Amino acid sequence: MHYRSATLDSSLSGCGLAEGEDAAQLPMTEEAFACFYHNTMRPLWAYLSRVSGNPTLADDLVQESYLRFLCARAPWEAGEPACRRYLFRIGTNLLRDHWRRPVSRSLEDVPERRLPSVDPPNIESLDSNAFLNAALLHLRPMERQLLWLAHAEGMSHKEISGIAGLGTARIRLTLFRARHKLARALRQEMVKSEIRK
């Protein structure tokens, strides 16, 4: 029995499909898309969350990325790796668009880590992930983006170039500097934690 989910139906209705078109005319089947989604959703969310520093924003951007992926009729015939790069490119562009918008901030929008705390955090409960998160905040978003794509996603400089829209020479240089900057920031965070003890 073949059925289409209400979510896919509602997503595709906003993609400009004609009244008579259905999922059979899309370049991928619903099952293929479900498999692709399963393989790429967590890495895309982790990438957008780390680069933006905002997990809630990452949730929204992931959903919008998949919607635009379906509407754009991505190059599915080129294989999953090409579609994965295309999806990351969409997510990167959405994040850039978000940063370009003027933002009015209220106190509720300020991350809790930036507000003064009454009690200092217990350093015993901190782990290496907390040090990494704090150190990543010292980097510019582009540096976080390139580091994530190169090391967490294992992409080559050429693949990153297709996503970030930068030349490979600039990517190589920026990654080199970002690694050293991250190492310095990690050392600083570790020294701070030792001082607080």
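## A kinked helix and its surroundings

Colleague: Where does α2 kink, and by about how many degrees?

Modeller: A kink of about 40° lies at T40 in α2, shortly before the proline P43. The bend at a residue is the angle between axes fitted to the seven residues ending there and the seven starting there. Helices (H or I, at least four residues) and strands (E, at least two) are DSSP runs, numbered from the N terminus. Please keep in mind that this is a predicted model, where local features need pLDDT of at least 70, side-chain atom pairs count only at pLDDT 80 or more, and totals for chains, interfaces and linings use all residues. Residues are numbered from 1 along each chain as its sequence is written, and side-chain values use heavy atoms, with hydrogens and water left out.

Colleague: How many helices and strands does the chain have?

Modeller: The chain has 8 helices and 0 strands.

Colleague: Which residues of α2 are buried?

Modeller: Buried means under 20% relative accessible area, exposed over 50%, and partly exposed in between (1.4 Å probe, protein chains only). In α2 the buried residues include F36, T40, P43, L44, Y47 and L48. Just after this helix, G53 takes a positive phi of about 75°.

Colleague: Which residues touch the most other members of the largest nonpolar core?

Modeller: A nonpolar core is a set of buried Ala, Val, Leu, Ile, Met, Phe, Trp, Tyr and Cys residues joined through side-chain atoms within 4.5 Å. Here the largest one has 41 residues, and F36, L44, Y47, L48, F69, L146 and I160 touch the most other members. Among the helices that each supply at least two residues of this core are α2 (30-52) and α8 (168-196). As for I160, leaving aside its neighbours within four places in sequence, its contacts (heavy atoms within 4.5 Å) are L146, L149, A150, M155, G165 and I171.

Colleague: How many salt bridges are there?

Modeller: Side chains of opposite charge can pair when their charged atoms come close. A salt bridge is a side-chain nitrogen of Lys or Arg within 4 Å of a carboxyl oxygen of Asp or Glu, and the count here comes to 6. One of them joins R84 and E153 (2.4 Å, N to O). This pair links distant parts of the chain, with R84 in helix α4 and E153 in the loop between α6 and α7, 69 residues apart. E153 is buried, with a relative accessible area of 17%.

Colleague: How far apart along helix α4 are R100 and D97?

Modeller: They are 3 residues apart, so about one helical turn separates R100 and D97. Their salt bridge has its closest N and O atoms 3.2 Å apart. R100 is exposed at 63%, while D97 is partly exposed at 33%.
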